[in-house]
Amino acid sequence: MDLYRERLWATPWLFVSTLLIIPAVMLVFAPINFTVGVVLAIVFYVAIVVALLVSAPTLRVTKEELIAGHARIPLSLTGDPVAFTGDAATLERGQRLDARAWLLIRGWIKPVVKVPVADLDDPTPYWLLSTRNPDQLVRVLEEARPTS
């Protein structure tokens, strides 16, 4: 059972901005054959939309683990999560980012949550996760994590 679940869908403006592939493809193929240009432009746009939808990862918290995309970590091996929004989130994704951190960030989702890894054998210091609900994710992680 999921205590928290969020799909990191692309924002609507990304789908709108990728519409620019249609005139770009038509510009290349229309001089050769207009019908082929229109068909290929639509096919390219649909392929991009499908790729954005299929590749959207999911954040999940269960009673035992945090699942981010294909990665999993037991909650017993996590530290106190911290939410970042605004300029602080930008700094965490940029200047303050540790190269050893495990990332599941999306450029169209600004807030992030930093989840420290408490496993001394793991070289990864923390996970940095994009989320539209940073405070809720932190609350659920704190409530679900076993206390020692």
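This passage describes a four-stranded sheet, the helices that lie against it and the largest nonpolar core of the model. The model is predicted, so that local features require pLDDT of at least 70 and side-chain atom pairs count only at pLDDT 80 or more, whereas totals for chains, interfaces and linings use all residues. Residues are numbered from 1 along each chain as its sequence is written, and side-chain values use heavy atoms, with hydrogens and water left out.

The open sheet has 4 strands in the order β5-β7-β8-β6, with mixed pairing (strands being DSSP runs of E of at least two residues and helices runs of H or I of at least four, numbered from the N terminus; two strands pair if DSSP finds at least two bridges between them). Its edge strands, β5 (82-84) and β6 (102-104), each pair on one side only. Strand β8 (residues 126-130) is joined to β6 in the parallel sense over 3 bridges, and L129 in β8 is the bridge partner of L104.

Helix α4 (residues 86-93) lies across β5, β7 (112-116) and β8, at about 55° to β7 (axes are lines fitted to C-alpha atoms, for helices over the stretch in contact, with angles from 0 to 180 degrees between N-to-C directions). Helix α5 (residues 134-144) also packs on the sheet, where it touches β5 and β7 (contact means heavy atoms within 4.5 Å), and its direction makes about 25° with that of β7.

L129 touches residues including L59, L66, W102 and V113, not counting residues up to four places away in sequence.
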